[in-house]
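Visitor: I would like a close look at a single part of this model, namely its pocket and whatever surrounds it. Please include the cut-offs behind each term.

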Amino acid sequence: MSQSSVPYKVLCVCLGNICRSPTAEVVLQQHIDKAGLNIMVDSAGTSNYHPNQPPDARSQKYAREQGYDLSHLRARQIQAQDFEQFDLILAMDHENLGNIELLMRQSDKTLKQGSVRAHLALMSQHDLDFPQQAIPDPYYGDAKDFERVIRQCESSSQAWIRYWQKYDFKA
Ligand code: 4NP
């Protein structure tokens, strides 16, 4: 699959798509590009709380300090077609994962039979430093919570890249 010119597609998902998943999108894409893998990353929220809004100013600030530019991103809600278009959907926490699973089961009835191709996993699935842990929601938190999001996104991104390099692009 890695030899194909069609990129493997990954969707990062949190609740609002303004804090954790846009950070995950940019951090993961930057690490993927550095590793030279043919993978494209996007992000979405399970809610529609902030349609078309840029990432939270605090997420942008703390990400920029670590060399990540989130300014071009705009929030959107996950939709049924994402299960057809993405190979892998990464949930930022267990509640997001449960809600994505539910939506996937509901969408399966409306989508063409056999068209769902997405695998679901936690962002931290292979991360030995944060094993199966949630990336905690920083929205009502402070600087240390936003900094933690970046640290966990970096750690989990590196773990996914090691996994893909070892096992090819399969969840
Ligand atoms: P995110 O954070 O899920 O990491 O984007 C949140 C953003 C907004 C809200 C909650 C969490 N909200 O309640 O509006």
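Guide: On a 1 Å grid over the protein atoms alone, a pocket is an open set of points with protein on both sides within 12 Å along at least five of seven lines, while a cavity is a set where a 1.4 Å probe fits but cannot get out; lining residues have an atom within 4 Å of a point. Points are joined across faces, edges and corners, and a volume is the space filled by probe spheres set on them.

Two notes on the ground rules. The model is predicted, so local features need pLDDT of at least 70 and side-chain atom pairs pLDDT 80 or more, whereas totals for chains, interfaces and linings use all residues. Residues are numbered from 1 along each chain as its sequence is written, and side-chain values use heavy atoms, without hydrogens or water.

Now to the pocket you asked about. The largest pocket has a volume of about 160 Å³. It is lined by 13 residues, and Leu15, Gly16, His50, Asp137 and Tyr139 are the closest to its centre. Sorted by class, the lining holds 8 nonpolar, 3 polar and 2 charged residues (Ala, Val, Leu, Ile, Met, Phe, Trp, Tyr, Cys and Pro are nonpolar; Asp, Glu, Lys and Arg are charged; the others, Gly among them, are polar).

Those five central residues turn up again around the ligand. Besides Leu15, Gly16, His50, Asp137 and Tyr139, its surroundings include Cys14, Asn17, Ile18, Cys19, Arg20 and Tyr49 (each has a heavy atom within 4 Å of the ligand). Three of the residues make polar contacts with oxygen atoms of the ligand (pairs of N or O atoms within 3.5 Å). The side chain of Arg20 brings an N or O atom to 2.8 Å, a polar side-chain atom of His50 lies at 2.9 Å, and a backbone N or O atom of Asn17 is at 3.3 Å.

Asn17 is worth a pause. It sits in the loop between strand E1 (8-14) and helix H1 (20-35) (helices, H or I with at least four residues, and strands, E with at least two, are DSSP runs numbered from the N terminus). Its phi is near 60°, a positive value in a residue other than glycine. Asn17 counts as buried because its relative accessible area is 3% (under 20% is buried, over 50% exposed, partly exposed in between, with a 1.4 Å probe and protein chains only).

Behind these residues you can look for Asn96, in helix H4 (residues 94-110). Asn96 is buried too, at 4% relative accessible area. Leaving aside neighbours within four places in sequence, it is in contact with Val13, Cys14, Leu15, Arg20, Thr46 and Ala91 (heavy atoms within 4.5 Å). Of these, Cys14, Leu15 and Arg20 also belong to the ligand's surroundings.

Cys19 leads on to another space, as it is around the ligand and lines the largest cavity. The structure has 1 cavity of 30 Å³ or more, and about 40 Å³ of space lies in the largest. Along with Cys19, its lining is made of Thr23, Arg58, Ser59, Tyr62, Ala63, Phe146, Val149 and Ile150. Helices H2 (57-65) and H5 (143-167) each supply at least two of these residues, and H2 gives the most, with 4. By class, this lining has 6 nonpolar, 2 polar and 1 charged residues.

Key. A polar contact is a pair of N or O atoms within 3.5 Å; within protein, one must be able to donate a hydrogen and the other to accept it, and residues adjacent in sequence count only if both atoms are side-chain atoms.
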